[in-house]
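The exercises below ask you to read a structure step by step, and each task is followed by a worked solution. Please look through the sequence and the model before you begin.

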Amino acid sequence: MQLRFATGHTGEDYVRLRAWREASLARCPRHPNGGCGFARHGTYRRKSPPGAHVPRWYCRKAHQTFSLLPDCLAARLPGALLEIETVVRTVEQAQSLEAAADRLRPDIELPGAVRWTRRRVRAVHRALTALRGVLPEQFASCPLKLDAFAERLGVEVVLPELRAVAAEFLPQLPAPLGFRARARRGGERILGRQHPMGPDPPGPVR
Ligand SMILES: [Zn+2]
């Protein structure tokens, strides 16, 4: 399970300062009274940003891992939230998604660049749509654009800020903003697979 690590670090600073060492989780989220063998359980490495680690804890009684994802990093997508925000804003300002994709990923063929870009735009739009649902007074009237959400909050970089604004709703908001588990067709939840490294939280510890 992913939980929020509230931190103002940028992705760069998070890696440079090895800020995962500052993260702490005093009690087991499942057993606040203790007695469940809750303990720190190392870190897992993210592919991106390179050098980033995410700290985790393990509850022996529930056989459950808890990882603390810092506000600067995207959930279930590689990289920092700021990088994803840059992609979405580039699309918002471009003539077309194809034009933006061509500019964003000159290193790959256009169809791949379009898929890469569309995946991020769709994920962010799903998250913003869900956010409007849980915080209607603040955001229901916001157009589905990062510019509009940034303006509403009076900030320049909006996605990491939304982690704080929507902190209590993160378990029900989709990635890359929130920590909701991906649903399979039929609504069944997918458990994270065992990954030595990657954007996904690692699977249950055996
Ligand atoms: Zn526990």
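## Exercise 1: the chain as a whole

Among contacts in the protein chain (heavy atoms within 4.5 Å) between residues at least 6 apart in sequence, 52% join residues at least 24 apart. The model is predicted, so to speak of local features a pLDDT of at least 70 is needed, side-chain atom pairs count only at pLDDT 80 or more, and totals for chains, interfaces and linings use all residues. Residues are numbered from 1 along each chain as its sequence is written, and side-chain values use heavy atoms, with hydrogens and water left out.

Task: state how many helices and strands the protein chain has, and in which pattern they follow.

Solution. Begin with the count: the protein chain has seven helices and four strands, where helices (H or I, at least four residues) and strands (E, at least two) are DSSP runs, numbered from the N terminus. Then read along the sequence, which gives the pattern β-α-β-β-β-α-α-α-α-α-α. Finally, turn to burial: 45% of the 206 residues of the protein chain count as buried, a word that stands for under 20% relative accessible area, while exposed stands for over 50% and partly exposed for values in between (1.4 Å probe, protein chains only).

## Exercise 2: the zinc site

Task: find which residues coordinate the zinc ion, and describe the geometry of the site.

Solution. First list the donors, which are N, O and S atoms within 2.8 Å of the metal (3.2 Å for Na, K and Ca); water is not among the atoms, so sites may look incomplete. The zinc ion is held by Cys28 (SG), His31 (ND1), Cys36 (SG) and Cys59 (SG), at 2.1 to 2.4 Å. Next consider the angles among these four donor atoms, which run from 101 to 115 degrees and make the site tetrahedral; four donors count as such if all angles lie between 85 and 135 degrees. Ideal angles for four tetrahedral donors are 109.5 degrees.

Now follow the donors along the chain, where their spacing is C-x2-H-x4-C-x22-C. The pair of cysteine 36 and cysteine 59 links distant parts of the chain, 23 residues apart, with cysteine 36 in the loop between helix 1 (11-16) and strand 2 (39-45) and cysteine 59 in strand 3 (residues 53-59). Cysteine 36 is buried, at a relative accessible area of 5%, and cysteine 59 is buried too, at 0%.

## Exercise 3: two helices that cross

Task: determine how helix 3 and helix 4 are placed relative to each other, and which residues make their contact.

Solution. Two packed helices are described by the angle between their axes and the distance between the axes. The axes here are lines fitted to C-alpha atoms, for helices over the stretch in contact, and angles run from 0 to 180 degrees between N-to-C directions. For helix 3 (residues 97-104) and helix 4, the axes come within 8 Å and cross at roughly 105 degrees. Helix 3 and helix 4 are therefore roughly perpendicular, the word used for 65 to 115 degrees. Helix 3 contributes Leu97, Glu98, Ala101, Asp102 and Leu104 to the contact, and helix 4 contributes Leu110, Ala113, Val114, Trp116, Thr117, Arg118 and Val121.

As a last step, look at proline 111, which is found in helix 4 (residues 110-134) and counts as exposed at 53% relative accessibility. Its C-alpha atom lies 8.9 Å from that of alanine 101, ten residues away in sequence.

## Exercise 4: backbone details in the loops

Task: identify where cis peptide bonds occur, and which residues other than glycine have a positive phi.

Solution. Start with the bond from serine 48 to proline 49, which is cis with omega near -5 degrees; proline 49 lies in the loop between strand 2 and strand 3. Another cis peptide bond joins alanine 175 and proline 176, with omega about 5 degrees, and proline 176 is placed in the segment after helix 7 (159-165).

Then turn to phi. Arginine 18, in the loop between helix 1 and strand 2, has a positive phi near 50 degrees and is partly exposed, at 42%. Histidine 63 also has a positive phi, of about 50 degrees; it sits in the loop between strand 3 and strand 4 (64-70) and counts as exposed at 53% relative accessibility.

Key
Tetrahedral: all angles 85-135°; square planar, octahedral: opposite > 155°, others 65-115°. Parallel < 35°, antiparallel > 145°, perpendicular 65-115°, else oblique.
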